[in-house]
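User: I'd like a close look at one part of this structure, with the reasoning spelled out. Here is the model.

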Amino acid sequence: MERSFAKEIESLKLGEGETFHGEGILAVTKALLQSGVAYVGGYQGAPVSHLLDVMVQAREYMDALGVHVEACTNEASAAAMLGASINYPMRGAVTWKSIVGTNVASDALSYLSTAGVLGGALIVVGEDYGEGASVALERTHAVALKSSLWLLDPRPNLPTIVRMVEAGFELSEASNTPVMLELRIRACHLQGAFAARANRPSPVSKNHPLDGPPSFDYERLSHPPATFRQEKLKADVRLPAARRFVAEHELNETFHGDVTELGIIVQGGLYNNVVRALQTLGLADLYGASRIPILALNVVYPLVPEEISAFCGAKQAVLVVEEGMPEFIEQDLAIQLRRADLQTRLHGKDMLQLAGEYTADVMVNGLIKFLGAHASALDTTAGARWLAKIGQTKHAALEALDGPLPPRPPTFCVGCPERPVFSAITLASREFGRPHIAADIGCHAFATFEPFSMGNSILGYGMSLASSAGVRPMQTRRPLAIMGDGGFWHNGLLSGAASNLLNKGDGVLVVMKNGYTSATGTQDVISSPDKAAKAQADAESAVHADRRIENTLRGLGVKWLRSVDNYRVGAVAKVLKEAMTTKYKGLKVIIAEGECQLERQRRIRPAGAKALAAGARLVRVKYGVDEDTCTGDHSCIRLSGCPTLTIKDNPDPLRRDPVATVIEGCVGCGLCGENAHAAVLCPSFYRAEIVQNPKPWDRLLAGVRTTIRDWLQ
Ligand code: SF4
Ligand code: SF4
């Protein structure tokens with residue numbers, strides 16, 4: 001697990017009137033308990049991973065509350081878990097990263113929204129849209145519209161976020177509809193405080209179980225003929241009920257201002273950005289009081305026509321601030337205004353950029369255009385000056401740096417077990433030719449960047465093998481699909497392996513068995529090493545003991561299966577060559593084993609520190625480069641990309657090429673030595689053992705070695 005949440009768990013226990021301090025996503029976690037959830041589930045992914053991580057670590061406390069916590073194997077299973085709220089008056093919440101997770105979950109979400117719920121059902125999604133996004137830039141809003149799920153987008157402010165979680169359950173129950181709550185990355189990690197309430201026990205829980213199911217009711221099934229009625233209920237009953245609830249409970253917020261002829265309608269999640277832009281223009285004060293009236297939509301779907309008319313009615317023009325395309329809210333507003341026969345001018349995407357994140361300069365630019373068109377008397381020169389200053393800073397930076405900064409793509413951690421596999425692919429493909437590489441989601445996707453630049457497509461989590469199915473018949477060379485163990489269990493086993501076997505495919509699959517879903521913070525998968533395996537492995541990789549992936553594939557009918565130790569580059573290259581060239585027709589799977597280095601270091605470092613403090617002898621391995629031998633051609637760097645294998649000035653005044661060097665931070669994974677050997681590089685690399693708390697014979701040996709070395713020199 002990425003980190004310990006012991007401190008945060010304590011804040012989940014706060015009672016009535018106590019003050020909660022912390023980040024947004026933990027406030028959501030506390031709000032779930034205050035809302036009386038009976039069950040919580042989800043699949044990890046930024047920026048909402050902490051919600052589930054905290055719940056999993058707080059299992060003892062959750063048990064005491066009677067709350068069931070489930071770490072689901074994918075988002076589809078998390079969404080299906082909400083099925084408990086269809087029949088029973090139980091509140092449940094699930095979480096995942098959107099849009100990817102919502103796509104995986106959408107089958108279950110369709111059925112869930114069709115059947116409707118008795119108990120409140122809340123889906124907390126991390127809205128991964130904007131410049132820091134790590135996956136496809138699409139919006140959850142589209143799914144909410146498609147499936148008639150209500151979508152909350154709370155103003156980034158802890159009391160508002162907490163209120164929306166609590167109101168979300170009530171809204172869900174009032175309209176018998178599941179509710180989604182989207183949080184952007186900044187809202188998840190924003191710090192703040194709110195007055196806590198006591199955690200509410202659920203009337204139905206693990207502590208108060210039900211005595212059997214309700215009587216059979218076909219209306220609870222998303223299945224014809226019930227679906228015909230449910231479809232009508234969605235539009236005729238649930239939608240009006242939701243609008244009524246939103247209006248009566250004033251979930252959307254109006255902030256008044258003195259420039260009453262204008263207005264801004266903003267997605268709640270972007271409210272802070274709008275206020276910041278207005279401050280830059282001199283149209284809002286430090287505390288956020290704006291001269292332009294603002295309607296902050298904490299509920300972006302459904303909109304309430306009466307609220308829109310009330311806000312826009314007396315206004316000459318409104319600006320809609322809505323990130324991403326299509327402009328769902330703007331279109332909805334245009335319909336509402338037309339139906340109400342209001343002549344208020346509607347602006348949005350015509351003044352703000354069509355797609356991409358609405359950063360501060362985008363907002364300021366758009367507001368200057370809007371105010372210029374409708375309130376030319378307002379002084380916006382402060383904003384124009386600010387934009388000009390930013391432009392000057394960018395220009396000065398360009399000049400000082402003699403051009404744009406070189407790209408700095410992310411890369412594998414120091415000593416990552418997946419890096420050697422790509423070194424091996426580089427070496428082996430010199431023999432069998434460059435293959436089509438079907439890449440996947442996970443840490444191994446870092447190989448799409450320099451120095452490996454490997455990957456021809458990414459089609460989703462666990463989809464690499466499936467995505468190579470149409471490539472194989474069209475190529476003389478076998479495509480190579482790569483997926484992690486996280487992706488394998490999430491989707492790859494069925495979508496990839498089973499499908500390939502059914503179709504007698506001839507693909508090659510490399511499964512990176514690092515033991516965890518590392519890219520999301522090293523959460524466990526079903527084949528993660530258990531405590532005993534970790535204790536037994538000590539400083540070694542702890543993933544070798546578990547054979548569930550191998551056994552599952554064998555059980556499925558995979559005949560060609562090899563397991564290799566990632567760090568043995570020569571051996572990995574050999575098995576890759578065998579897989580790519582064997583006469584065997586059928587799925588070939590290579591299990592590339594090596595524990596996630598991040599998790600391994602978290603495991604062995606505290607143990608090492610403890611042993612050192614107790615005076616124990618400790619040996620640490622580090623690699624280095626002999627600067628006198630290094631020729632400066634840097635082929636070792638091109639074959640590795642390890643951040644601690646870098647360059648430094650050549651100490652020889654007669655040579656100008658920088659030499660390779662290993663800096664502090666090398667974890668001694670051994671790849672440098674392996675690469676030097678497998679690729680027959682120069683003999684510059686050396687392996688050093690750093691002995692801490694040396695014993696007398698260590699000192700004696702070091703003394704003898706130093707004497708001999710000095711004598712030879
Ligand atoms: S988190 Fe683990 S698997 Fe991912 S790059 Fe780092 S060491 Fe490699
Ligand atoms: S041995 Fe080489 S690849 Fe491994 S951590 Fe050290 S510098 Fe990086």
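Is Tyr461 buried or exposed? Please start there, then follow the aromatic rings and what surrounds the ligands.

Analyst: Happy to take you through it; keep in mind that this is a predicted model. Tyr461 has 19% relative accessibility, so it counts as buried, the cut-off for that class being under 20%.

The ring of Tyr461 has a partner. Tyr43 and Tyr461 form an aromatic pair, with 6.2 Å from centre to centre and 55° between the planes, and the pair is classed as tilted. That label follows because planes under 30 degrees apart count as stacked and those over 60 as edge-to-face, with the rest called tilted. Tyr43 is buried too, since its relative accessibility is 4%.

Now look at where the two rings come from. Tyr43 belongs to the loop between strand S2 (37-42) and helix H3 (49-57), while Tyr461 belongs to the loop between strand S16 (457-458) and helix H18 (464-467). The two parts are 418 residues apart in sequence, so the pair ties them together.

This pair has company elsewhere: the whole structure contains 10 aromatic pairs. There is also an aromatic cluster made up of Phe412, Phe422, Phe446 and Phe452. Rings meet charges as well. Lys13 places its charged end over the ring of Tyr61, 5.4 Å from the ring centre, and Arg155 lies over the face of Tyr271, with 5.1 Å to the ring centre.

Phe412 leads us on to the ligands, as this member of the cluster is also one of the residues around ligand 1. The other residues around ligand 1 are Cys413, Cys416, Glu418, Cys443, Asn514, Ser518, Cys596, Gln597 and Leu598. By class, that shell holds six nonpolar, three polar and one charged residues. The cysteines are part of the nonpolar group here, because Cys is counted as nonpolar in this scheme.

Ligand 2 sits in the largest cavity. It has 13 residues around it, and those that come nearest are Cys642, Thr644, Cys666, Cys669 and Cys672. Its shell divides into nine nonpolar and four polar residues, with no charged ones.

One last stop is Ala384, in helix H16 (residues 381-400). With 40% relative accessibility, Ala384 counts as partly exposed. Its C-alpha atom is separated from that of Gln475 by 56 Å, and the two residues are 91 apart along the chain.

Technical notes:
Residues are numbered from 1 along each chain as its sequence is written. Chains are lettered from A and ligands numbered from 1 in the order in which they are written. This is a predicted model: local features need pLDDT of at least 70, side-chain atom pairs count only at pLDDT 80 or more; totals for chains, interfaces and linings use all residues. Side-chain values use heavy atoms; hydrogens and water are left out. Rings of Phe, Tyr and Trp (its six-membered ring) pair if their centres lie within 6.5 Å; planes under 30 degrees apart count as stacked, over 60 as edge-to-face and the rest as tilted. Helices (H or I, at least four residues) and strands (E, at least two) are DSSP runs, numbered from the N terminus. Buried means under 20% relative accessible area, exposed over 50%, partly exposed in between (1.4 Å probe, protein chains only). A charge sits over a ring if NZ of Lys or CZ of Arg is within 6 Å of the ring centre and within 35 degrees of the ring normal. A residue is near a molecule or strand if one of its heavy atoms lies within 4 Å of it. On a 1 Å grid over the protein atoms alone, a cavity is a set of points where a 1.4 Å probe fits but cannot get out, and a pocket is an open set with protein on both sides within 12 Å along at least five of seven lines; lining residues have an atom within 4 Å of a point. A molecule sits in a cavity or pocket if more than half of its atoms lie within 2 Å of its grid points.
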